[in-house]
Structures are given as C-alpha cells and as structure tokens.
Amino acid sequence: MSSNPSVLERKLIGILNAFEGEVDGVRGSAVADREGLPVVSGFREPFDLTAMTGMSTLAVESAQKVFDYIGLRGLRTIVFEGEDAKVLIYDLGGGQASFITVVRPDANMGLVKFRMALAARRLEEELGFTRPTPADPPHQARHLHTPSGQARQQIFQLRQFDLHLAVQR
C-alpha cells in the first residue's frame with residue numbers, strides 16, 4: 001500500500017492501537033477480509049501476516065461448519081490456546097471480515113474478550129458492516145447488510161493496487 005494511508009486505514013489502525021493499549025499481553029492484532037487477505041495490521045513481531053490472516057479465515061470457516069452441523073447460531077469468537085500464545089479470531093460483519101489478535105498465554109482472557117468485542121463494534125462501524133438481526137434466518141447470518149455494497153467497495157479500495165495489503169505500524 002502507499003505510504004499515505006487513507007482516512008479509513010488511519011481509523012482502523014487507531015482502533016487496533018487503542019485495543020492493544022487497553023489490554024496487557026497483546027502481541028499484535030489485524031483485520032482480514034473474507035478472502036483471508038490482510039486489510040490492516042498492528043503486528044510488530046515477525047509473523048507471516050498473510051499466512052496468519054489466511055489461516056484465521058480457514059479457522060472461521062471450519063468453526064462455522066461445526067456450528068451449522070450441530071445446529072448452533074451466532075459464532076462470534078474462536079480461541080486457540082498454545083504454550084506460548086493464544087490466538088483469538090472475532091467475526092466482523094457476519095463473515096465479511098475477521099479481527100485477529102495474538103496474546104501472551106497469561107493474558108486476562110475476560111478482559112481480552114471484552115475489549116475485543118468493543119473494538120470489533122468500532123471496526124464494524126468504520127467498515128460499514130451491520131450485524132444481522134436475531135430474526136434473520138440462519139442461512140443469512142453470514143451475509144453483509146450494507147447500503148449498495150459500500151463496505152465491500154471500501155475494502156476493495158484498500159487492497160486494490162497492492163497484494164501486500166497490511167499497513168504496518
């Protein structure tokens with residue numbers, strides 16, 4: 001991406017910065033689009049960002065299939081726990097994007113999830129996503145409800161000219 005981030009990019013990075021500053025133990029966070037491509041990133045550590053966002057998208061798809069198979073609705077957060085880190089993936093816009101964070105294993109998970117939910121709402125607002133209402137049928141729960149595809153167009157514009165999409169801090 002260009003060295004001059006757009007207004008939307010700056011807002012998204014600001015949300016990631018605020019989230020990371022509110023929670024001890026966050027090693028980094030990012031937003032990926034529904035294709036698994038990074039939109040913005042706050043990772044300072046040497047993670048393979050494209051691999052992380054792509055794999056996170058696969059995890060969301062797999063978890064959604066499990067939820068569908070056993071008749072559950074409303075998949076929101078996926079957590080992977082390992083010896084040296086935990087990875088949390090939060091659904092944005094009913095499957096239009098993902099908010100990904102990596103935290104130390106000793107991080108306060110209640111606080112991480114609470115702050116992540118608040119940041120996710122702000123990210124959804126900036127991206128123009130709206131959540132489906134509870135009355136929506138289950139088969140519509142992963143579709144975007146935005147006027148004239150505006151949010152999808154904004155994500156496309158963010159990644160239009162460069163496949164190395166992440167805006168690094």
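**Briefing on a predicted protein chain**

Over residues 159-169 pLDDT stays under 50, and for this stretch the model has 32 contacts beyond four places in sequence. The structure is a predicted model, and the protein chain has a mean pLDDT of 82, with 75% of its residues reaching 70 or more. Its folded elements include an open sheet of five strands, on which helix 1 packs.

**Confidence**

- Residues 136-148 form another stretch in which pLDDT stays under 50, and here the model has 25 contacts beyond four places in sequence.
- Where pLDDT is low, the predicted coordinates should not be read in detail.

**The sheet**

- The five strands of the open sheet follow the order 2-1-5-4-3, and their pairing is antiparallel.
- Strand 2 (38-41) and strand 3 (77-81) stand at the edges, and because each has a single partner strand, one side of each is left without a neighbour in the sheet.
- On average, and with direction ignored, neighbouring strands of this sheet are turned by 20° against each other.
- Strand 1, which covers residues 26-33, pairs with strand 2 in the antiparallel sense over three bridges, and Ala32 stands opposite Pro38 in strand 2.

**Helices against the sheet**

- Helix 1 (residues 7-22) packs on the sheet, where it touches strand 1, strand 2 and strand 5 (97-103), and the direction of helix 1 makes about 150° with that of strand 1.
- Helix 3 (residues 109-127) lies across strand 1, strand 3, strand 4 (86-92) and strand 5, and runs at about 35° to strand 4.

Notes. Residues are numbered from 1 along each chain as its sequence is written. This is a predicted model: local features need pLDDT of at least 70, side-chain atom pairs count only at pLDDT 80 or more; totals for chains, interfaces and linings use all residues. Side-chain values use heavy atoms; hydrogens and water are left out. pLDDT is the predictor's confidence in each residue, from 0 to 100. Contact means heavy atoms within 4.5 Å. Two strands pair if DSSP finds at least two bridges between them. Helices (H or I, at least four residues) and strands (E, at least two) are DSSP runs, numbered from the N terminus. Axes are lines fitted to C-alpha atoms, for helices over the stretch in contact, and angles run from 0 to 180 degrees between N-to-C directions.
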